[in-house]
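Thank you all for coming; I would like to take you through one model this morning, with the coordinates on the screen while I talk. Please keep your notes until the end.

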Amino acid sequence: MNPFTEPIGVTHYLCVGAVLMVCGMLCMFTKRNALGVLMGIELVLNAANVNLVAFGSSWLRADAARSIALDGQLLAMFVIVLAAAEAAVALAIVLCYYNTQATVDVDKASKLKG
Amino acid sequence: MSLPDLVQNALHDALHRSLPAIRPELALCTTIVCLLLAQMILPRWRSGPYWVTLVGAAAALAVLEPWQWLDVPAAERLEIFTGMLVVDGLSVFLRSLLLVFLLLFVLLVWITAVPPRDDAGELFVLVVGATLGMCMMASANHLVMVVLGMEMASLPCYVLAGILRFRKPSTEAALKFALFGAGAAGIMLYGLSLLAGVLGSLHLPTLATQLALLMHSGPTAEQSLLLTLGSLMLAVGLAFKLSAVPFHFWAPDVFEGAPAEVGALLSVASKTAALGLLVRLVLAVTAPAVMAPAATADIGPAADSFPQQTTADADVAGQGSGAPAAIVNSNAARPTAILPDALAPVRRFIVGLLSLLAVVTCTFGNLAAYGQSNMKRLLAYSTIAHAGYLIMPVAAAVALTGGIAPDAPASGGVAVGNASPGQTAEADGPALGHSGDVQTIGERLAPRRIAGAAPASAAQMAVASVLFYLAVYLFMNLAAFSITAVLRNAIGSERIDDYAGLVRRWPSLVVCTALAMFSLVGLPPLAGFLAKFYIFSAVVKAELWLLLAVGGLNTVLSLFYYLRVVRAMVLPPAPNDQSLPETAARRIGRLYCIGVTIPLVALFFWSETLMQWAARAAAGTF
């Protein structure tokens, strides 16, 4: 099966999701700036969202029986809200960290160890 | 059925069936609102937040009515909000633990005065919010609720870790916790989306049935790859919450940076909820309700016909045309005796994964605890080690569910593994087989009653041992952390070496420490011994000898570093420059420590009630 000649289906969306996921993971693990790490996390969350919406779509799937229907889109909506909440909390914490340490470099956060 | 009727039914279902079942959560929500209002209206009322939270937690515990579940012989399972949440023995047990912990936590924070009194309102809003999320984790029956519960429990914890926002270690702890936590949550969510996509459902029992059917028909290579990947990613999120080993690295840093009280919350409440969720997830998948072994059921469709109809309608209204077809298809093929065997590879996979996690977590936690000089850090590694012990019986329970089906007589191939063939035991089987449309969903979502006290199977006892351990663990760890907090207030240090000579000044506190530490090791005559004993006996029943060996070895290993704390308090001479004048706050702090240590002794001698309750709670999950 050649994905470039097939009509657009769930597989294509899954590929987009997987690429987003890998980009997000790379971003999470390589960025030294705490804000960069947060951006990576947003990418991962959105990768999950792409998957959920694609799985939930009754048009994309040939076997409608396996579709998770509105549940997928419902969860995607909740994830958007969660991502916003998480970003708010994490940014507040990063700001707090900056206030005490005057840096947002996660590699410098190594006072606690042992 | 017309739209007004649908709305009417949905309303009736929500108001008369679902909302009463979540009264404790509603009480917690009310507490949060009251806390916020109290801060706004009466900003000068210093002890206000403490009273409001105390009353709220007590009210939540009162409306949960755990004592009703003590002497109900049959476990009852009630799915509410069209299958989003489930109320059964397990959820009631875990929620009572969480609420009891909330009560004790408020008292501890009141006594040790962390944070400064002005921030108490904010602290309690966060703590009650986290408890609310944990309660939802404990009764989640749908992947949406799993995600929401976990996030609701995690987000306040990130802030709590940094509640002392002007201290450097505290903000660093919060930063690490938030970044790792959010990353783990993202990965878990991606895994969930893969699982949901392959299995075509987010509702746990439906998902489990789909998995059984898929395994029966033989999954394609891509499907098994996606399932494996998805479940591993899901395991990342759970392992993070449990602080199991590859994802434990946040725990020591966060515990050291955050105040000891928050450490108690993270190590007790957060872990209780995560373990409850783990038990629920793995049991839902390996022992789907369809094959309930002890289901000598008397579900009459007449018993609760109205709510059933309601849920069915609500679901159809919600899902459009695609999903019901899927469920009907699955029902047609359901009543087969082959299904338990089809799940064998899943079971092997989960047992292997959990065993590996348990072995590595347990050993690492205990070995790393040796070199620690900070009490909170030592307790963090001890928490990691205990996560390992706690995962062991879950693996045992999964291994044992496989052993149930062959024992039971299969009557006509319809009812799979019913305990007593005399009663027609088709739990869901025939009811789901005949009617070919929406009715089936209704019966699936309907309350399933398990009548008669079926003899507890080995798998149930394994789950019961987890619950018993969690109850004991609550007091053990709370005692350890509250002693740390009280000592921090008294001598201003959390280093173990600074505890020197305490035995001459505060002998009662040293006795409490000794009891808590010996209970954490698992020495008789303390409750920790019984808890470990039940866990290891579950592991023996499941014949997981490697786990037993590692668990036993680790118990011996852990003896030394727990003893080191007691030794530091008793043997070295007291430094002369320190005197501890007796103040009211110190006396109350000591009394609190003694108060939470007493259950460790009491539960050893009067463990029957708790164990029976745990066994009943466990029976309801199968």
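Leaving aside its neighbours within four places in sequence, which residues is N489(B) in contact with? They are T112(B) and G589(B), where two residues are in contact if their C-beta atoms, placed from the backbone, lie within 7 Å.

Before going further I should say that this is a predicted model, in which local features need pLDDT of at least 70 and side-chain atom pairs count only at pLDDT 80 or more, while totals for chains, interfaces and linings use all residues. Residues are numbered from 1 along each chain as its sequence is written, and chains are lettered from A and ligands numbered from 1 in the order in which they are written.

To stay with N489(B) for a moment, this residue is found in helix α20 of chain B, where helices (H or I, at least four residues) and strands (E, at least two) are DSSP runs, numbered from the N terminus. N489(B) is partly exposed, because 17 other C-beta atoms lie within 10 Å; a residue is called buried if 20 or more other C-beta atoms, placed from the backbone, lie within 10 Å of its own, exposed if 12 or fewer, and partly exposed in between. From N489(B) to L155(B) there are 334 residues in sequence and 28 Å in space, C-alpha to C-alpha.

G589(B), one of the two contacts of N489(B), brings us to helix α25 of chain B, residues 584–605. Its 22 residues should span 32 Å at 1.5 Å a residue, and the end C-alpha atoms are indeed 32 Å apart; the expected span is 1.5 Å times one less than the number of residues. The buried residues of α25(B) include G589(B), Y592(B), C593(B) and V596(B), and the buried set packs against α4, α20 (458–491), α22 (507–521), α23 (527–541) and α26 (608–619) of chain B.

Now to a second helix, α3 of chain B, residues 48–64, whose 17 residues should span 24 Å and whose end C-alpha atoms are 24 Å apart, in agreement. Buried in α3(B) are P49(B), V52(B), T53(B), G56(B), A57(B), A60(B) and L64(B). Seen down the axis of α3(B), these buried residues fall within an arc of 125 degrees, so they line one face of the helix, the arc being that of the directions from the helix axis to the C-beta atoms. As a reminder, an α-helix has 3.6 residues a turn, so residues three or four places apart point the same way. What covers that face includes α2 (23–41), α4 (89–112) and α5 (120–138) of chain B.

T53(B) is a useful example from α3(B), being buried because 30 other C-beta atoms lie within 10 Å. Not counting residues up to four places away in sequence, T53(B) touches T31(B), L35(B), V106(B), F124(B) and V128(B).

Stepping back to the whole of chain B, we have 26 helices and three strands, and buried residues make up 62% of its 622 residues. Chain B is divided into domain 1 (1–279) and domain 2 (344–401 + 456–622), with bounds that come from an automatic or database domain assignment. Between these domains, 41 residues of domain 1 of chain B are in contact with 47 residues of domain 2 of chain B.

Chain A, for its part, comes to three helices and zero strands. Its radius of gyration, taken over C-alpha atoms, is 18 Å, well over the 13 Å that the globule rule (2.2 Å times the number of residues to the power 0.38) gives for 114 residues, so chain A is more spread out than a compact globule. Buried residues make up 39% of chain A.

Finally, how many residues does each chain bring to the contact between them? Chain B gives 47 residues and chain A gives 43. On the side of chain B that touches chain A, α7(B) gives the most, with 20 residues. By class, that side of chain B has 24 nonpolar, 15 polar and eight charged residues, where Ala, Val, Leu, Ile, Met, Phe, Trp, Tyr, Cys and Pro count as nonpolar, Asp, Glu, Lys and Arg as charged, and the others, Gly among them, as polar.
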